[in-house]
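Reader: I would like to learn how to read one helix in a model. Please show me the chain and take it step by step.

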Amino acid sequence: MHVLIVDDEPVIRRGMVKMAELYVPAFSKIQTAENGEAALEQIRASEPDLVLTDVRMPKMDGLELCKIIHEEFPHIKTVVISGYNDFEYAQKSMNYGVRHYLLKPATKSDVHDMLDQLIKKPKHGYLSPSRYIEWIDQMEQQIWALQMEEINNLITGWREYCLSANISLAQLKELLDDCNALLVKRFQARHYSPASVPAHLQADSVKEALDAFEKGLLNMISGLHAVRSGHFKDPMEEAKAYIDSRLSEDISLDQVAAMVGLTPTYFSSLFKKITQETFVQYRINKRMAKAKEMLSAPHVRIVDVAADVGYDDYPHFTKTFKKIVGVSPTEYRASLGIK
């Protein structure tokens, strides 16, 4: 467990560190900061499990720090340690999820009793917001591309993650309802309105809730199939056709990804998986294939071939052609008996 101690008085910081070092089980890491601003930098760089903070500090006080932690890092436990005169002020911190309030001077016994209550009691579950958003992003992309193997992998991974997080049934229902609502909203923005029946809200167990949520996802996918009614073109086939018809143009990966409704990162990954080539490699190979076809026509000038496959720079074309085909354009023509 990783703890961060925040206090502007060096003597108190050292004392708190000493008491934390004597605690069993030992902390994996003990860090310190002299004010809320410095503490926040450390929290964003390496999220601790527990923050012990003073109230009155320069630059950013403990109350503001607790507020930010509560909003951005709700899984981090916070404890306020402050003087008697700050008691009323510190009480406000309870609105920001602060677990305990310790009065200075805190003894080793006080600190260890507080840690026992926080650490040794059963843990409440937690799901990382970043992991949740990442999953939503991936699921949206995979459903839109109808990549069933990837969808099934995401569903399986999500189930395992939810179960390992040890969250309550009520927490899980709330989470799944948020997931469902966010996916529906994103698909509506793509002009597809899936029928949404949140059956997971009626579940009597965590397993039932996950089963119902997964069934809802599959219904969402079936609905998308039905809407497309067989006239939907596979996004990768559509992308390749788009590239093939614009070999003379300098189109970008971002343009093609937008055309098929996928993010550039996901499109790039899926394109390589399907074609076994990167976007750039595929386009170069297609350009050279078209160049070979045009070079077989004796009346077409090589410089015109270069321009027609997107190369205004003739030397660059000849260099690329030789790299891909193995011979220069002139040598290729000669091999066909064309002078």
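Author: What follows goes from the whole chain to one helix. This is a predicted model, in which local features need pLDDT of at least 70, side-chain atom pairs count only at pLDDT 80 or more, and totals for chains, interfaces and linings use all residues. Residues are numbered from 1 along each chain as its sequence is written, and side-chain values use heavy atoms, without hydrogens and water.

Reader: How many helices and strands does the protein have?

Author: Helices (H or I, at least four residues) and strands (E, at least two) are DSSP runs, numbered from the N terminus. The protein has 16 helices and five strands.

Reader: What span should helix H15 have?

Author: The expected span is 1.5 Å times one less than the number of residues. H15 covers residues 314-325, so its 12 residues should span 16 Å, and the end C-alpha atoms are indeed 16 Å apart.

Reader: Which residues of H15 are buried, and which are exposed?

Author: Buried means under 20% relative accessible area, exposed over 50%, and partly exposed in between (1.4 Å probe, protein chains only). Phe317, Thr320 and Phe321 are the buried residues of H15. Seen down the helix axis, they fall within an arc of 105°, so they line one face of H15; the arc is that of the directions from the axis to the C-beta atoms. Pro315, Lys319 and Lys323 are exposed on the other side of H15.

Reader: What do the buried residues of H15 pack against?

Author: Contact means heavy atoms within 4.5 Å. The partners are helix H13 (279-295), helix H14 (302-308) and helix H16 (329-335).

Reader: Which residue follows H15?

Author: Gly326 does, with a positive phi near 105°.
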